Amino acid sequence: MQYSIKYILGVIAILGVVILGIVFIVLNTSDSASSHARAVARAVNEARDNANAIFTDTQIPHGVATIDYAKLQEPGFVVIYAGDDTNFLTLLGVSSFLSAGEHYDILITMNEKLQNGNQYNAVLFKDNSDEAFREGALDTIVMNEDNAPVQSLFTISSNVDPGIKAKIK
């Protein structure tokens, strides 16, 4: 079976267009990903200026939440609640005991899977010196200088690339 030169050149042209399209998509995706990673790193670096701070970004539906950054002036915990920044509705997960200082990529196992489209709240708590989380009067919410809880709202989206991580320095 012989192919004409026109046919072969046509196939090569089509393959070239397909390859160029793939390269364009990959380059645009990586630009978007690196832009997102830079924005996350910038937010964390701004949070560092505070005595107590917490930051987490949009996450995928999963049974584990990842807190990108937490800074505690005193030892404590990060606690995840369902709900917005004024209503701590349902406690879903608690970090392990965190010493005073900066912490990165804190993994918190949830009592239930984080649901796509839902909003959650990561809140800092000060430990009462027993190194075990006890909600209520024993372990207390860390408040900022405006007397508001130190917290970070985040949403769940299945459109997030879990491979994108910010470089935090």
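This report describes the fold, the strand pairing, a nonpolar surface patch and two residues with positive phi in a predicted model.

**Overall fold**

The secondary structure of the protein comes to one helix and eight strands, and from the N terminus on these elements follow the order α-β-β-β-β-β-β-β-β. Of the 169 residues of the protein, 31% count as buried. Among the contacts in the protein with a separation of 6 or more, 64% are made by residues 24 or more positions apart. The surface that the protein exposes amounts to about 10,200 Å², and carbon and sulfur atoms supply 56% of this area.

**Strand 8 and its partner**

Strand 8, which spans residues 151-155, has two faces: Ser152 and Phe154 belong to the covered one, whereas Gln151, Leu153 and Thr155 belong to the uncovered one. Strand 6, made of residues 119-126, pairs with strand 8 in the antiparallel sense, and the pairing extends over five bridges. Within strand 8, Ser152 stands opposite Ala122, and Ser152 is also one of the residues on the covered face of that strand.

**A nonpolar patch**

Which residues make the nonpolar surface patch of about 650 Å²? The patch is made by Tyr3, Ile5, Tyr7, Ile8, Leu9 and Ile12. One of these residues, Leu9, lies in helix 1, which covers residues 5-47. Leu9 counts as exposed because its relative accessible area is 52%, the cut-off for this class being over 50%.

**Positive phi outside glycine**

Two residues that are not glycines have a positive phi, namely Asp105, with a value of about 50°, and Ser129, with a value of about 90°. Asp105 is part of strand 5, which runs over residues 101-109, while Ser129 is placed in the loop between strand 6 and strand 7, the latter strand being formed by residues 140-141. As for accessibility, Asp105 is partly exposed because its relative accessible area is 42%, a value in the range between the limits of 20% and 50%. Ser129, by contrast, counts as exposed, since its relative accessible area is 69%.

The table below collects the values for these two residues.

| Residue | Phi | Relative accessible area |
|---|---|---|
| Asp105 | about 50° | 42%, partly exposed |
| Ser129 | about 90° | 69%, exposed |

Key: Residues numbered from 1 in each chain as written. Predicted model: local features only at pLDDT ≥ 70, side-chain atom pairs only at ≥ 80, totals over all residues. Heavy atoms only, no water. Buried < 20%, exposed > 50% of the residue type's maximum accessible area, 1.4 Å probe, protein only. Helix = DSSP H or I, 4+ residues; strand = E, 2+ residues; numbered from the N terminus. Pairing = 2+ DSSP bridges. Patch = residues over 30% accessible without salt bridge, like charges linked within 9 Å, V, L, I, M, F, W, Y side chains within 5 Å. Areas by Shrake-Rupley, 256 points an atom, 1.4 Å probe, with all protein chains shown as cover. Salt bridge = Lys/Arg side-chain N within 4 Å of Asp/Glu carboxyl O. Contact = heavy atoms within 4.5 Å.
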